[in-house]
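Subject: Structure handover

Hello,

Here is the structure I promised to pass on. Please open it next to this email and follow along.

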Amino acid sequence: MHTEALGEADGSAGAVVRTRLEDRPAWLLTTHNTTVCLCLGPEDTLLLPYWGASGQTTAAADYLPERMGNRPSERAFVDGLPLAYPSHGEASFVEPCLMVSRADGSRGVRLEFVADRVSAVGGRAVLELVFIDRLLDLVVEQRFVVFGELDLVARSVTVRNSGAEALLLERVLSAALPLPPAEYDAWTLHGQWGREFELRSRPLQPGKFVTESRRGTSSHEAHPWFAVRPRGEAAEHVGQVWFGSLAWSGNWVAVFEAERNDAVQIAMGIQPFDFGWRLEPGADFVSPELVGGYSERGLGGASRLLHAYEQTVQLPANQRERPRPVLYNSWEATHFEVHAEHQLELARRAAAIGVELFVVDDGWFGARDHDRAGLGDWTVNTRKLPGGLRQLVNDVHGLGMQFGIWVEPEMVNPDSDLYRAHPDWTYHAIGREATLGRNQLVLNFARPDVQAAIYQQLRNLLTEHGTIEFVKWDHNRAWTEVGWPERPMQQREVWVRHVRAVYELMGRLRAEFPELSIESCSGGGGRSDLGILRWTDQVWTSDNTDAADRLNIQYGYSRAHSPRTMVNWVTDVPNEQTGRVAPLEFRFHVAMQGVLGIGGDIGRWSGADVHIARQLVAAYKEIRPLVQNGRQYWLLAPAAIGPCAVQYVSADLRETAVFLYQVRGLRGAGVRRVRLHGLDPARRYRRVADGVESTGAALMGAGVPLDLVSARAPTLDWRSRIDVWRGP
Ligand code: DGJ
């Protein structure tokens, strides 16, 4: 046995251990608290018989004292085995990850193990397992990057055509996760525009549960994240959870399959529906990463591992350690009525409140007086901005703020100069009428000429008007008629080529403008996955800014993503989407859970409101490092009636902030206590507001009262408070 522990002496790296199991090659991937066991099964299938708590051993057999069996009458079949990457063509019947066909119509892949490679990349232990189908000359490499301190493994697959004949890839999922026979529940996120990130759970029964997007983006309707738990386990802080997050911003699928023996297989990756990729000789296809892990600290524990992954690995490196600025966005204040004087007035107000980044939303360009015209023409509308954009940029900088601007680069209105010049640049199908969504069409980003033209326009925007520090990158419709008639062989590749082109364009702009940060938006939170967070710094999670609804949206979002990526604006009341009226302080307290923004018509705010806003922005800046870089614990999930609470703890455990809310109270209800989490038991913490002191152990044991209702409070509804506790 050969153990390779890689990385720093502090032990933050994981390790790959080469070993043998039943006289066949096997590998252990070890992290701080977990172990993944991989081995070769019959017919060289790759098996994943164990992913769970570390057994403090590097002998694979210790994890599998009982031999894994198959039904004796079906020895030649490989079904019923914990397949790590089932392929169409082997004798299994579960959802395949890989399907390949040849020009003569023959299908099927049979892989033979060739070699393993163990290496260290950026201080991480990496295992690559190489397989080949000698009939197809197809090489399949399974890659596992081990994040020791994060208890995570990032899995991806590279498929290479080493033969002389082109092959058709019909599906290349990223990975499968087999779980042993038991009863499980699947936890997933669902929604729609204005109601994103609703956390749902359902029992996995014989058959399949499929969650997916076929809309072009990762979507509002379903989110490429999952957790699976033993049936009925729902605790936030304890209990087993297997989970995964797919780094892909286009169509995707996750198939949860309960097999006849109650084993579960989860296969996830790029959506095979309407996908097809011609793999030329010598070419390869790389799947997106599925970042997965195992935690015994409930859904909260799983979330924190993914948060840490985003904070330390995934988010753009040049920005991820800097505080995300407090922003103002003028959309709800002005909609398409963008005029220099008014924007400047808003900017002066924003600066006085303590805002650090002023963002002009939709309406500043082309003939954009409404949503029926202008998209595609990224030139300044000088009727609205007579001094040009440069003047406004300078004015905003003069007020001590950064400047940000809205764009929607992948879209075009038929009423635009771009469309008039290049009607063939959109997705379309010959002889079919194109369906409009929000009066716009989707540009075919698979086309190099479209990529070049949009790049040039964005580059001009970022160079010709002074320094623009921030771009809000929107995408407001699902794709239909996704065709490219001029390239018949690539029609089904566009789903993937488009997404890759967006990543590439964002990467190119970031390289050229290193100070630029980007917010991902897609009619709210329709493209807010782990993939886009490699290229963007934050996400607009929803167009619904109602504080009560936002509590639910943020609760769901933070199951999968870090609070430092979660933007919220304090907007006006009655709320534009729901008509509800929440107090200003409550709206702030909700928006302070992530990246604080203001989106109301602050020109109309009263002096008293501006005063409250200034104080709360200052208070936010005090706790910002905690919120944006700390560890988040949901103490009580949002509920229709009664309190809810979320806590943030600094990495050094010296400081914690507890956010308490009650949208609606119950008359006569007693004051509940909530136990804090993640503190240093021996440390004494002092509540900043009133000097109350206690030990970490007591705060985590006896908890603190959720005394949101006081005799002095005029109502039981819309109560909120943020308690900051500090230790020495
Ligand atoms: C949808 C976004 O989610 C909004 O915030 C706003 O930017 C509009 N698009 C502008 O058209």
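Below is what was found, going from the whole chain to the ligand and then to single residues.

**The model**

First, a caution. This is a predicted model. Please keep that in mind as you read the values.

**The whole chain**

Start with the fold. The protein chain has 12 helices and 39 strands. Its radius of gyration is 26 Å, and the globule rule gives 27 Å for 728 residues, so the chain is as compact as a globular protein of that length. The C-alpha trace spans about 80 × 70 × 45 Å along its principal axes.

How much of the chain is buried? Of the 728 residues, 61% are buried. The accessible surface of the protein chain is about 27100 Å². Carbon and sulfur atoms hold 50% of that surface.

Now look at who touches whom. Take the contacts in the protein chain with a separation of 6 or more. Residues 24 or more positions apart account for 68% of them.

**The ligand**

Next, find the ligand. Which residues surround it most closely? There are 14 residues around the ligand, and the closest are Asp-361, Asp-362, Lys-472, Asp-474 and Asp-543. The shell divides into five nonpolar, three polar and six charged residues.

Three pairs of atoms are worth picking out on screen:

- Asp-362: an N or O atom of its side chain is 2.6 Å from an oxygen atom of the ligand.
- Arg-438: a polar atom of its side chain lies 2.8 Å from an oxygen atom of the ligand.
- Gly-524: here a backbone N or O atom is 3.0 Å from an oxygen atom of the ligand.

How much of the ligand does the protein cover? On its own, the ligand has 290 Å² of accessible area, and the protein covers 97% of that.

**A buried serine**

Go to Ser-101. You will find it in strand β6, residues 98-102. Is Ser-101 buried or exposed? Its relative accessibility is 6%, and buried means under 20%, so Ser-101 counts as buried.

Which side chain does the side chain of Ser-101 meet in a polar contact? The partner is Glu-170, at 2.7 Å. Leave out residues up to four places away in sequence, and Ser-101 touches Ser-106, Arg-107, Leu-167, Leu-168 and Glu-170.

**Backbone details**

Three places in the backbone deserve a look.

One is a cis peptide bond. This bond runs from Val-573 to Pro-574, with omega near -5°. Pro-574 sits in the loop between β30 (566-570) and α10 (584-591).

Another is Asn-439. Its phi is positive, about 60°, although Asn-439 is not a glycine. Asn-439 lies in the loop between α6 (417-421) and β26 (441-442). Its relative accessibility is 29%, so Asn-439 counts as partly exposed.

Then there is Leu-653. Phi of Leu-653 is near 65°, a positive value in a residue other than glycine. The loop that holds Leu-653 runs between β33 (643-649) and β34 (655-662). With a relative accessible area of 21%, Leu-653 is partly exposed. The cut-off for buried is under 20%, so Leu-653 falls outside that class.

Best wishes

Notes: Residues numbered from 1 in each chain as written. Heavy atoms only, no water. Near = heavy atom within 4 Å. Polar contact = N/O pair within 3.5 Å; in protein donor to acceptor, adjacent residues only side chain to side chain. Areas by Shrake-Rupley, 256 points an atom, 1.4 Å probe, with all protein chains shown as cover. Nonpolar A, V, L, I, M, F, W, Y, C, P; charged D, E, K, R; others polar. Helix = DSSP H or I, 4+ residues; strand = E, 2+ residues; numbered from the N terminus. Rg over C-alpha atoms; globule rule 2.2 N^0.38 Å. Buried < 20%, exposed > 50% of the residue type's maximum accessible area, 1.4 Å probe, protein only. Contact = heavy atoms within 4.5 Å.
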